[in-house]
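Welcome, and please take a moment to look over the model below. The report that follows walks through some of its features, one topic at a time.

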Amino acid sequence: MNYHWNWRVFWEPAPNGTGNYLDMLLSGLVLTIETAICAWIIALVTGAVVGVLRTLPSKTASGFGFAYVEFFRNMPLLVQLFLWFFVLPELVPHSWGLWLKQLPNAPFYTAAIGIGLFMSARVAEQTRSGIGALPRGQKLAATALGLTTAQTYRYVLLPMAFRIILPPLTSEFLSTIKNTSVAITIGLVELTAEARAMQEFSFQVFEAFTAATVLYLMVNIVVVIAMRFVERGVAIPGYITGK
Amino acid sequence: MKRLRIMGLVMGLALAAAFCAAQANAEELTGTLKKIKETGVINIGYRDSSIPFSYLDDNQKPIGFAIDICLKIVDAVKKELKLDKLTVEFNPVTSSTRIPLLANGTIDLECGSTTNNPDRLKQVAFTNTHFLTATRFVSKKSSKLNSIEDLKGKSVASTSGTTNIKQLTEANAARNLGINIIPAKEHAESFLMVETDRAVAAVLDDILLASFAAGSKDPGAYVISTDAFSKPEPYGIMLRKDDPAFKKVADQATAALYQSAEGQKLYDKWFMQKIPPKGLNLNVPIGAELKKAFAKPTDSPDPDSYKAM
């Protein structure tokens, strides 16, 4: 292979005037993490609500949950972001559309909400399966004790269901982090975008993407380790998931 | 495509056998020329949407100004190696894949709209300049933006990771314009930002702006600025570094083409006439600088060396 390796390129000044190439990648990493955290909060909250809706006795509620999940998980994320960013402002009245388009940091908000909603469909499915995994007797016992439906979920079903689905939720969080790279398509300058920019400026393509790979890996390992601690911390002996 | 590849392989094997017999004769060949002689195949990297340099027509066949130039280089290689038959294989490349694919030998020539600059010369080589382009902006006529100063405080799009966005960022800082820069992933998206009013202007190579405006729903609605963010920068066909024998063949072939009447004819074919697939006419006459670069072919990365006298 005819390639000129130069690992010291990271300490060379980047042409955008904000320091060297390493600073450039790190600023992308910060944006990646910020987007992932915002998206994950949206995904967890919305996903938990929709997941619960799907298990309710009400036909309307479970029908809505079903439609929501199928809508968001059956369309490629790339297409969804594109729709939110370019198509939505054209569908609303002109003045609203113009306001949406002129918003500062529009790619960041669009990415956080878009990825958040996409991932929420998956979290909803996890929540539903977590509740479904509990023995039927739990719900019946709660009803027999005179708890309302809301109380049954709050005090009996959800505390256990969330403990069951913690390990798959870790994977979903990792997916959220990796999915932020799709936001490059709507102009979010996150880690992958910075790596692309770096290879475009310096032509050191392998160095740029190796660094991006290592950074993604490090962030994800930190998340995995942190989630292990959370799992251990919330485990209750005697529960399905307890040791 | 598959059949082509198998054919290439069979032919490559046959040629390799022939090559072994005549090894003493071909010993002085090195690098890319040697590889082409051994395999009987030359690989050309093309871009799928760099109109009119390198793009796909309605039959998904790569065409364009740079492709035509590359085919001239292929002819020269064929003559140099005294081959009866040389198979040309086309490989699609993007701005992220062109370097690795060139480095690992998947492509031998990158025929597109790649800017030749000193930083890139550390990694690759370029043959004689085939086009000069400056960074300008396109806007809707209705927004009445005439100079770079008029962009003050507005939202302006450009493609992330390009020299264009770098120059826009520099001008923004140097002239204190307070422009809100929106980075887009691809050139087409930068233009889409202007089309959908997400940005008042898009900053790109002027020739790309001309092709986007010509291809839009309402070509008359757009205007390209006369104010430029940069000096004219050279485009070149990209080859592997440290392969002087192959570069010499490519340089001689391109120089001969540019200096002959055919060079001007080829330019007119892609820039002054209707081009496939949609019959667009870019209508960009050859500039004084490029005329000079055609008369005296050069592979210099320095914009100052292209000044017309």
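In chain B, residues 24 or more positions apart account for 75% of the contacts with a separation of 6 or more. Keep in mind while reading that this is a predicted model.

**Chain B as a whole**

Chain B holds 12 helices and 16 strands. Its radius of gyration is 21 Å, close to the 19 Å that the globule rule gives for 309 residues, so chain B is as compact as a globular protein of that length. Along the principal axes, the C-alpha trace of chain B spans about 70 × 40 × 35 Å. As for burial, 45% of the 309 residues of chain B count as buried.

**Two domains**

Chain B is divided into domain 1, made of 2-132 + 234-306, and domain 2, which covers 135-224. The centres of these two domains of chain B, taken over C-alpha atoms, are separated by 30 Å. Where they touch, domain 1 of chain B contributes 9 residues and domain 2 of chain B contributes 7 residues. On the domain 1 side of this contact in chain B, the residues divide into 6 nonpolar, 2 polar and 1 charged.

**Strand 1 and its partners**

Let us now follow one strand. Strand 1 of chain B takes in residues 41-46, and 6 of its 6 residues are buried, so this strand is largely enclosed by the rest of the structure. In a regular strand, side chains alternate between the two faces of the sheet. Here B:Val41, B:Asn43 and B:Gly45 point one way, while B:Ile42, B:Ile44 and B:Tyr46 point the other way, and all are buried.

Which strands pair with strand 1 of chain B in the parallel sense? One is strand 5 (residues 87-92) of chain B, over 6 bridges, and another is strand 6 (residues 109-115) of chain B, over 3 bridges.

**A sheet of three strands**

Chain B also has an open sheet of 3 strands in the order 2-3-4, with antiparallel pairing. Its edge strands are strand 2 (49-50) and strand 4 (62-63) of chain B, each of which pairs on one side only. Strand 3 (residues 54-56) of chain B runs antiparallel to strand 4 of chain B, and 2 bridges join them.

The table lists residues of chain B that stand opposite each other in paired strands.

| Residue | Partner | Strand of the partner |
|---|---|---|
| B:Ile42 | B:Val88 | strand 5 of chain B |
| B:Gly45 | B:Glu110 | strand 6 of chain B |
| B:Tyr55 | B:Ile63 | strand 4 of chain B |

**A residue in a loop**

Next, have a look at B:Glu186, placed in the loop between strand 11 (180-184) and helix 8 (187-195) of chain B. Is B:Glu186 buried or partly exposed? With 15 other C-beta atoms within 10 Å, B:Glu186 is partly exposed, because a residue counts as buried only if 20 or more such atoms lie within that distance, and as exposed if there are 12 or fewer. B:Glu186 and B:Thr162 are 24 residues apart in sequence and 9.7 Å apart in space, C-alpha to C-alpha.

**Where the chains meet**

Finally, 27 residues of chain A are in contact with 31 residues of chain B. On the chain A side, helix 3 (77-91), helix 4 (94-102), helix 8 (191-202) and helix 9 (205-234) of chain A each supply at least two residues. Helix 8 of chain A provides the largest share, 7 residues. By class, the side of chain A that touches chain B has 14 nonpolar, 9 polar and 4 charged residues.

Methods:
Residues numbered from 1 in each chain as written. Chains lettered and ligands numbered in written order. Predicted model: local features only at pLDDT ≥ 70, side-chain atom pairs only at ≥ 80, totals over all residues. Domains from an automatic or database assignment. Contact = placed C-beta atoms within 7 Å. Nonpolar A, V, L, I, M, F, W, Y, C, P; charged D, E, K, R; others polar. Helix = DSSP H or I, 4+ residues; strand = E, 2+ residues; numbered from the N terminus. Rg over C-alpha atoms; globule rule 2.2 N^0.38 Å. Pairing = 2+ DSSP bridges.
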